[in-house]
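Hi everyone, thanks for coming. I have one model to walk through today, so please pull it up and follow along with me.

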Amino acid sequence: MVNSGLDLRCYFVTGAGPDVVARARAAALGGAGLIQVRSKPISARELYHLGREVATAVREVSPTARVLIDDRVDVALALREYGVAGVHLGHDDLDVRVARDLLGPEAIIGLTTGTVELVRAANELAGYVDYIGAGPFRDTPTKDSGRAPIGLEGYPALVREATMPVVAIGDVTAEDAADLAATGVAGLAIVRGIMNAPDPRSYVRRVVDEFERGRRVLNRTHE
């Protein structure tokens, strides 16, 4: 792992909507450690402007929350001066080794996985990747990966296999946070729960609290 100390417990992945910037700001206030700017379909120019607004809003309210760009290393590079910390990549995006060379050692780089085979492949890139996303937890309309849902029972094996932190994604809600934390994942990526919450700040706080509750359960089982 390149970066240590990432707070992955509540990782907000933005969706499309007129209030994305306000929700990102509220998520940061609620304790979201990472905020990924994703709004598909969107042009590089539009993603740049949205990323700049999100990064500026988050930086105003949280000294610790980090903003990432989905897929586009070029956009992440262009937004460095606004505080964008890195990028999340899929296997069809720019090679993570090239991304690391371009973004530098301090950047945060995440990679999408979701099967034991993909986790093993990601392990070969452990010197370049900070965390892996693993999904879908359950079927979700947000993104069709073509993979079968992992479910609660599938995460412990992925966590055991991975040499870096695992973040669960795919229709994850606050109600799932404790149970997923108890599987050993390092965090939860949430899209619709935060995008649709009447009070996103409170929703994120609940996710973090429930995640910590599940982590305590996990720790007790290992005593």
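I'll start with the overall picture, then go through a few loops.

A quick word first: this is a predicted model. UniProt, in an unreviewed entry, lists residues 10–194 as "domain: Thiamine phosphate synthase/TenI". If you look at the two ends of that span, their C-alpha atoms lie 10 Å apart. Helix accounts for 38% of residues 10–194 and strand for 20%. For the protein as a whole, count nine helices and eight strands.

How does the radius of gyration fit with a compact globule? The protein comes out at 16 Å, and a compact globule of 223 residues would be near 17 Å, so the two agree. Along the principal axes, the C-alpha atoms fill a box of roughly 45 × 40 × 30 Å.

Now the inside and the outside. Of the 223 residues, 51% are buried. The protein exposes about 10,200 Å², and 48% of that comes from carbon and sulfur atoms. On charge, there are 26 positive and 30 negative side chains, with the centres of the two sets 4 Å apart. As for contacts, take those between residues at least 6 apart in sequence: 60% of them join residues at least 24 apart.

Let's move on to the backbone. In general, most peptide bonds are trans, and most residues other than glycine have a negative phi. With that in mind, here are some places to zoom in on.

Which prolines follow a cis peptide bond? One of them is Pro41: the bond from Lys40 to Pro41 is cis, with omega near -5°. You'll find Pro41 in the loop that runs between strand 2 (34–37) and helix 2 (44–61). Another is Pro136, joined to Gly135 by a cis bond with omega of about 5°. Pro136 sits in the loop between strand 6 (131–134) and helix 6 (151–161). Keep that loop on your screen, as we'll come back to it.

Next, two aspartates with a positive phi. Asp71 has a phi of about 75°, although it is not a glycine. Its loop is the one between strand 3 (66–70) and helix 3 (73–78). Asp171 has a positive phi too, at about 60°, and it lies between strand 7 (166–169) and helix 7, again in a loop. Is Asp171 buried, exposed or partly exposed? Its relative accessible area is 24%, so Asp171 counts as partly exposed.

Back to the loop between strand 6 and helix 6, where Thr142 is found. At 33% relative accessibility, Thr142 is partly exposed. What does Thr142 touch, leaving aside neighbours within four places in sequence? The answer is Arg38, Val191 and Arg192. By contrast, if you step 42 residues along the chain to Arg100, the C-alpha atoms of Thr142 and Arg100 are separated by 27 Å.

Ala148 lies in this loop between strand 6 and helix 6 as well. Its relative accessibility is 58%, and because the cut-off for exposed is over 50%, Ala148 counts as exposed. From Ala148 to Pro165 it is 17 residues in sequence and 21 Å in space, C-alpha to C-alpha.

Now hop over to Thr115, in the loop between strand 5 (108–113) and helix 5 (116–123). Thr115 is partly exposed, at 25% relative accessibility. Setting aside neighbours within four places in sequence, Thr115 is in contact with Arg147 and Leu158. Thr115 and Ile150 are 35 residues apart along the chain, and their C-alpha atoms are separated by 8.2 Å.

Last stop, Thr183. Where does Thr183 sit? Look in the loop between helix 7 (177–181) and strand 8 (187–190). With a relative accessible area of 13%, and buried meaning under 20%, Thr183 is a buried residue. What surrounds Thr183, not counting residues up to four places away in sequence? Thr183 touches Leu152, Tyr155, Pro156 and Val159. For Pro156, which is 27 residues away along the chain, the C-alpha separation from Thr183 is 5.2 Å.

That's my tour. Thanks for listening, and I'm happy to go back to any of these spots.

Notes. Residues are numbered from 1 along each chain as its sequence is written. This is a predicted model: local features need pLDDT of at least 70, side-chain atom pairs count only at pLDDT 80 or more; totals for chains, interfaces and linings use all residues. Side-chain values use heavy atoms; hydrogens and water are left out. UniProt positions are given in the numbering used here, feature names are shortened, and annotations may be inferred rather than shown by experiment. Helices (H or I, at least four residues) and strands (E, at least two) are DSSP runs, numbered from the N terminus. The radius of gyration is taken over C-alpha atoms; the globule rule is 2.2 Å times the number of residues to the power 0.38. Buried means under 20% relative accessible area, exposed over 50%, partly exposed in between (1.4 Å probe, protein chains only). Contact means heavy atoms within 4.5 Å. Accessible areas come from the Shrake-Rupley method with a 1.4 Å probe; for residues, only the protein chains shown count as cover. Lys and Arg count as positive and Asp and Glu as negative; His and the chain ends are not counted. The place of a charge is taken as NZ of Lys, CZ of Arg, CG of Asp or CD of Glu.
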